[in-house]
Amino acid sequence: MTALRRVVEHVVGRLKREPGYRMAGDWSDAQLAIVLWHRGRQIVRGVPLRLRARGVRGTVFRGRRVVVEHARQLAAGPGLILEDGAFVGALSRHGIALGRNVTIARHATLTCTGVLASLGTGIVVGDRVAIGAGAFVGGQGGVRIGDDVIMGPGVRIFSENHAFEDVDRPIRAQGEHRAPTIIHDDCWIGAGATILAGVTVGAGCVVAAGAVLTRSVPPYSIVAGVPARVVRSRLTVVPPAVIPANAGIQRHADVGVAGTSR
Ligand SMILES: CC(C)(COP(=O)(O)OP(=O)(O)OC[C@H]1O[C@@H](n2cnc3c(N)ncnc32)[C@H](O)[C@@H]1OP(=O)(O)O)[C@@H](O)C(=O)NCCC(=O)NCCS
């Protein structure tokens, strides 16, 4: 292992508060140097945001074309990463509060207020959360995301619906129904999933790619489909398959691996 790699592992481990942090795979020094250069430029770009947003602590990694509106209503723990094109609109009653080591990937949007007529509630995000590329998180009615939640690209999380009871008036003029949306700790939200207003996703859930959650789901569920249904629970104990003692040898023999015999 090169000295550069040891330094990177040490620094990342400290930033992530993961002593003994190790990088997998073979990294050349040239690759590491490019990543460090890129991250270094992001740190420099993050400095003006630190000055504008008093509630943002520690190092901020800020990509290109990142927009943060109403930065005084943004709070964040150390290690915030805002990748290229991310948009954070904190205007709302409670603002946006992000925990430590939160990543907001490329072109993701966090917004709390859609129309001036109706100030939104806000967004709270826990520690070590990754909001995927192109995500949309709308905190008009309040969104709360726990710790260790990870998301694929294109996830959409809403906390309001338009009212449409009156057929004699345009829907846009009928106001909204708001309800907080909650995602508890340690969930994995698959690519393109949509979570609607008022839904609570229990801890430890897996949401399949493309699922549309219209109802709350219990902890440790695997949910899929449109509308989403629980397809399995992570708590279900699957009995191990009965494997003959010589199964490995037979498998190798079947494909003609040298040195094995029946
Ligand atoms: C949900 C997922 C993790 C698979 O979980 P699993 O427990 O191994 O589920 P299985 O593959 O056994 O499928 C269970 C059932 O759900 C269905 N299912 C799985 N994924 C589905 C999806 N995305 N949409 C609709 N149905 C799905 C399967 O067809 C199966 O149905 P069946 O029992 O009628 O045959 C995976 O399908 C998925 O969606 N991964 C997300 C990938 C992603 O977004 N990656 C981005 C990188 S972060």
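## Residue G138

In this predicted model, G138 has 22 other C-beta atoms within 10 Å. Because a residue counts as buried at 20 or more such atoms, G138 is classed as buried. The residue belongs to strand 12, which covers residues 136-138.

Several parts of the sequence meet at this position. With neighbours within four places in sequence set aside, the contacts of G138 are T111, I157, F158, S159 and E160. The C-alpha atom of G138 is also 5.6 Å from that of C112, although 26 residues separate the two along the chain.

## The sheet containing strand 12

Strand 12 is part of an open sheet of 7 strands with parallel pairing, arranged in the order 3-6-9-12-15-20-23. At the edges stand strand 3 (67-69) and strand 23 (212-213); each has a single partner strand, so one side of each lacks a neighbour in the sheet.

Strand 15 (residues 156-157) and strand 20 (residues 194-195) run parallel and are joined by 2 bridges. I157, one of the contacts of G138, has I195 of strand 20 as its bridge partner.

## A further parallel sheet

Another open sheet is formed by 7 strands in the order 1-4-7-10-13-18-21, and its pairing is parallel. The edge positions are taken by strand 1 (55-56) and strand 21 (200-201), each of which pairs on one side only.

At one of these edges, strand 1 pairs with strand 4 (residues 74-76) in the parallel sense over 2 bridges. Within this pairing, G55 has A75 of strand 4 as its bridge partner.

## Hairpin of strands 24 and 25

Strand 24 and strand 25 run antiparallel and are joined by 4 bridges. One residue pair in this arrangement consists of A224 and its bridge partner in strand 25, R229.

The two strands form a hairpin with 4 residues between them. In the turn, G225 adopts a positive phi of about 100 degrees.

## Surroundings of the ligand

The shell around the ligand comprises G152, G190, A191, V206, A208, A209, G210, I222, A224, G225, V231 and R232. Strand 24 (221-224) and strand 25 (229-233) are the elements that supply two or more residues to this shell. The hairpin turn residue G225 is also among the residues around the ligand, as is A224, the bridge partner of R229.

By class, the shell consists of 7 nonpolar, 4 polar and 1 charged residues.

## Packing of helices 1 and 2

Two packed helices are described by the angle between their axes and the distance between the axes. For helix 1 (residues 3-16) and helix 2 (residues 29-52), the axes come within 9 Å and cross at roughly 35 degrees. The crossing of helix 1 and helix 2 is left-handed.

Helix 1 contributes L4, R5 and V8 to the contact, while helix 2 contributes D29, L32 and L36. The residues of this contact comprise 4 nonpolar and 2 charged, with no polar residues.

## The chain as a whole

The chain contains 3 helices and 25 strands. Its C-alpha trace spans about 80 × 50 × 25 Å along the principal axes.

Of the 262 residues of the chain, 33% count as buried, and G138 is one of the buried residues. Among contacts between residues at least 6 apart in sequence, 26% join residues at least 24 apart.

Technical notes
Residues are numbered from 1 along each chain as its sequence is written. This is a predicted model: local features need pLDDT of at least 70, side-chain atom pairs count only at pLDDT 80 or more; totals for chains, interfaces and linings use all residues. A residue is buried if 20 or more other C-beta atoms lie within 10 Å of its own, exposed if 12 or fewer, and partly exposed in between; C-beta atoms are placed from the backbone. Two residues are in contact if their C-beta atoms, placed from the backbone, lie within 7 Å. Axes are lines fitted to C-alpha atoms, for helices over the stretch in contact, and angles run from 0 to 180 degrees between N-to-C directions. A crossing is left-handed if the near helix is turned anticlockwise from the far one by less than a right angle, and right-handed if clockwise. Ala, Val, Leu, Ile, Met, Phe, Trp, Tyr, Cys and Pro count as nonpolar, Asp, Glu, Lys and Arg as charged, and the others, Gly among them, as polar. A residue is near a molecule or strand if its C-beta atom, placed from the backbone, lies within 6 Å of it. Two strands pair if DSSP finds at least two bridges between them.
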